[in-house]
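Colleague: Could you pull up the model and talk me through it? I'd like to go over the surfaces first and the packing afterwards.

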There are 2 protein chains.
Amino acid sequence: MSAAGTRARVRAELTKEIAEVARRHLASDGAAALSLRAVAREMGMASSAVYRYFPSRDDLLTTLIVEAYDAIGEAAEQAVAAAPKGDLRARWQAICRATREWAVAHPHEYALVYGSPVPGYAAPQATIGPAGRVGLLLTTLISDGVAAGTVDPLGSPTGSDAALTPDIAERVGLASTSAESSLAARGVTAWISLFGLISFEIFGHTNNIVEDHERFFTDATDRLADLVGLP
Amino acid sequence: MSAAGTRARVRAELTKEIAEVARRHLASDGAAALSLRAVAREMGMASSAVYRYFPSRDDLLTTLIVEAYDAIGEAAEQAVAAAPKGDLRARWQAICRATREWAVAHPHEYALVYGSPVPGYAAPQATIGPAGRVGLLLTTLISDGVAAGTVDPLGSPTGSDAALTPDIAERVGLASTSAESSLAARGVTAWISLFGLISFEIFGHTNNIVEDHERFFTDATDRLADLVGLP
DNA sequence: GGGCCAGCGGGAGCAGTGCTCACGATTGTC
DNA sequence: GACAATCGTGAGCACTGCTCCCGCTGGCCC
């Protein structure tokens, strides 16, 4: 047993435990206050030992970023799975609602992911997959609507899909033969606006403006559904 | 002369100079890398001397935040002043475009303001005024449209103004006698979405998705104008 | 005009950070 | 059982924000 063995296993386990402790610190104190030394202290090891598992603080943060993306994506996926398949608007609201609720419950982790890129940034390759999960949910939702004939692929301003990366529309299932399509672009706009709404709330920009944040959010995401062209 | 004197004047000047040096550091290296000691070094003074002018690093950052808000607001105001008064859409686009261009030109300063709240946050009172300047431009634009009869105060979902702070609609000139008004809420949604669009671009979330950022932005803000109900 | 004290700059120092490195100890593999 | 890769340790470097005390000095009041 353990051809590639027990050593690797305890390493993997320790790696996970360090990330877990770090995630707790992040959740309670925010990314800026996350200290490798503090994590090491809590684990009862020398600070230098942590570097055997994470080559730098930034790598630890990257791990936490991926975890956060995945957590958000999973929350949204579970919510949309529980919504009635045929009711596009219900599914739309389920995704938006779940995403916002995760953010409200985990503000610091949300800020780590959708706030300012922390260090000298440069989003690591590992993050680009998980980052798109919520967006993908929204676009498959839209493509379902197109397939069912309830969503019009056209819409103003026409042709704005041309501003997107060439293969992105296909990758999210919103390709169109028409050069005038704006479907994918509208989906992306709604996706971005969704996170704009959440970010403004989490970061406190709407503090003196919105009173009932939940109600406002629901109404706003409903407007976004209009924008996309959901029935 | 100088009843409240020369002393106060050199103090004000030095304060300004420190802020200026700090702003340059921020612009080139980002908020995380802004070091009081580095600013002090560049000014040729001991690090402790800086504390005579700014009681803490956070206070320095707060000053820079206010400056950034004002710079954004001014850019937008100048742009809208140069647009044809009667053409609501042109004015709308002018505001959006100027805001985005400022952000592209000053990414770190933008991130300081619209990214994650840096330390233990708690937005200082001094920031709430300047923070609303762009939003105010958008809402006065809308209210102009209402006055001219080209913008319908109603719109889906009806009554969502109720989610806002009670007096906010009046403060931005979008008060309504109808309990079913959603005009202010739609304006706030568009305002938030505008900054969502800019943030996603600046923070790199659309890197592999949008190719022509300027074109995409223009199309998206046009859609937001639709959402508000601009003619 | 002269004294006086608030205001100022300087330097040392504290507690903390990320990260490196040489050193033993341990442990899985041949 | 020997060997070597792996691991944890502690000291140390350079840096940070911030505090405190010192000595000087320039503007105000008598």
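Colleague: Which helices each supply at least two residues of the surface near DNA strand C?

Modeller: Bearing in mind that this is a predicted model, the helices of chain A that do so are helix 1 (6–29), helix 2 (36–43), helix 3 (47–50) and helix 4 (57–81), and they are joined by helix 1 (6–29) and helix 3 (47–50) of chain B.

Colleague: And which residues come nearest to strand C?

Modeller: There are 23 residues around DNA strand C, and the ones that come nearest are S35(A), S48(A) and S56(A) from chain A, along with M45(B) and S48(B) from chain B. By class, that surface has eight nonpolar, eight polar and seven charged residues.

Colleague: OK, what about strand D, which residues are the closest there?

Modeller: DNA strand D is surrounded by 22 residues, of which M45(A), S48(A), G5(B), S48(B) and S56(B) are the closest. At least two residues each come from helix 1 and helix 3 of chain A, and likewise from helix 1, helix 2 (36–43), helix 3 and helix 4 (57–81) of chain B. The classes on the surface near DNA strand D are seven nonpolar, eight polar and seven charged.

Colleague: Switching to the two chains, what rotation superposes chain B on chain A?

Modeller: A rotation of 180° does it, with 0.0 Å of shift along the axis and an RMSD of 0.0 Å, which is the relation of a two-fold axis. The residue of chain B that comes closest to the rotation axis is G196(B), whose C-alpha lies at 1.9 Å.

Colleague: How many residues are in contact between the chains?

Modeller: On one side 42 residues of chain B take part, and they are in contact with 43 residues of chain A. On the chain B side, helix 10 (183–202) and helix 11 (213–228) are the elements that give two or more residues, with helix 10 giving the most, eleven residues. By class, that side has 23 nonpolar, eleven polar and eight charged residues.

Colleague: Why do you say the copies meet through the same surface?

Modeller: Because 100% of the interface residues of chain B are also interface residues in chain A.

Colleague: Last one, at what angle do helix 4 and helix 5 of chain A cross?

Modeller: Their axes cross at roughly 145° and come within 8 Å, helix 5 being residues 88–105, and the crossing is right-handed. Among the residues making the contact are A75(A) and A79(A) of helix 4 and A94(A), A98(A) and W102(A) of helix 5, and by class the contact has ten nonpolar, one polar and two charged residues.

How values were computed
Residues numbered from 1 in each chain as written. Chains lettered and ligands numbered in written order. Predicted model: local features only at pLDDT ≥ 70, side-chain atom pairs only at ≥ 80, totals over all residues. Near = placed C-beta within 6 Å. Helix = DSSP H or I, 4+ residues; strand = E, 2+ residues; numbered from the N terminus. Nonpolar A, V, L, I, M, F, W, Y, C, P; charged D, E, K, R; others polar. Axes fitted to C-alpha atoms, helices over the stretch in contact; angles between N-to-C directions. Left-handed = near helix turned anticlockwise from the far one by under 90°. Contact = placed C-beta atoms within 7 Å. Least-squares fit on C-alpha atoms with pLDDT ≥ 70 in both.
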